[in-house]
Amino acid sequence: MEVDEDNRSDFEKEEEEEDDSVSDLLRDRFRLSAISIAESEAKRSGMEISPPIVACIADLAFKYIGQLAKDLELFAHHAGRKSVTMTDVIVSAHRNEHLAASLRSISYQ
């Protein structure tokens, strides 16, 4: 196995490239879904929405979801668990009381 100057093997490079490709695919699918939802809601409301704005919102939402996933992982780790629970999700919504209340009602059903 060949190792380059930054001490990463060919296997590690390939694995990183594969992770990037999966991440790109997820981002693109998320973006398409967000655009579809925005266009549907705009149509339902009788409004028009600018494609660059929808793309920007989709990108911001994807970045937010990535950060949320990291937070949830940290909450679970802090609690000594390897899995995220509904409690972690509710705790992550503490800044948005309406969302937290909705999540609580879903979790108790």
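Helices here are DSSP runs of at least four residues, and strands are runs of at least two. On that basis the protein chain has four helices and zero strands, and its order along the sequence is α-α-α-α. The model is predicted. The points below cover burial and contacts, surface patches and salt bridges.

**Overall chain**

- Of the 109 residues in the protein chain, 15% are buried.
- The exposed area of the protein chain is about 9100 Å², and 57% of it comes from carbon and sulfur atoms.
- Among contacts in the protein chain with a separation of 6 or more, 24% join residues 24 or more positions apart.

**Surface patches**

- Glu 17, Glu 18, Asp 19 and Asp 20 make up a negative patch on the surface.
- Asp 20, one of the residues in this patch, belongs to helix H1, which covers residues 10–45.
- The relative accessible area of Asp 20 is 43%, so this residue is partly exposed.
- A nonpolar surface patch consists of Ile 49, Ile 53 and Ile 57, with a combined accessible area of about 260 Å².
- Ile 49 sits in the loop between H1 and helix H2, the latter being residues 51–78.
- Ile 49 is classed as partly exposed because its relative accessibility is 35%.

**Salt bridges**

- The count of salt bridges is six.
- Asp 24, Arg 27 and Asp 28 are joined in a salt-bridge network.
- Within that network, the side chains of Arg 27 and Asp 28 form a salt bridge with an N to O distance of 3.2 Å.
- Asp 28 is partly exposed at 37% relative accessibility, and Arg 27 is partly exposed with a relative accessible area of 32%.
- Arg 81 and Asp 88 form a salt bridge in which the closest N and O atoms are 2.8 Å apart.
- Asp 88 has a relative accessibility of 4%, so this residue counts as buried, the cut-off being under 20%.
- Its partner in the salt bridge, Arg 81, is partly exposed at 30% relative accessibility.
- Glu 97 and Arg 104 pair through their side chains in a salt bridge of 3.3 Å, N to O.
- Glu 97 has a relative accessibility of 49% and therefore counts as partly exposed, because exposed means over 50%.
- Arg 104 is also partly exposed, at 31% relative accessibility.

Conventions:
Residues are numbered from 1 along each chain as its sequence is written. This is a predicted model: local features need pLDDT of at least 70, side-chain atom pairs count only at pLDDT 80 or more; totals for chains, interfaces and linings use all residues. Side-chain values use heavy atoms; hydrogens and water are left out. Buried means under 20% relative accessible area, exposed over 50%, partly exposed in between (1.4 Å probe, protein chains only). Contact means heavy atoms within 4.5 Å. Accessible areas come from the Shrake-Rupley method with a 1.4 Å probe; for residues, only the protein chains shown count as cover. Patches are made of residues with over 30% relative accessible area and no salt bridge: like charges are joined within 9 Å, nonpolar side chains (Val, Leu, Ile, Met, Phe, Trp, Tyr) within 5 Å. A salt bridge is a side-chain nitrogen of Lys or Arg within 4 Å of a carboxyl oxygen of Asp or Glu. Lys and Arg count as positive and Asp and Glu as negative; His and the chain ends are not counted. The place of a charge is taken as NZ of Lys, CZ of Arg, CG of Asp or CD of Glu.
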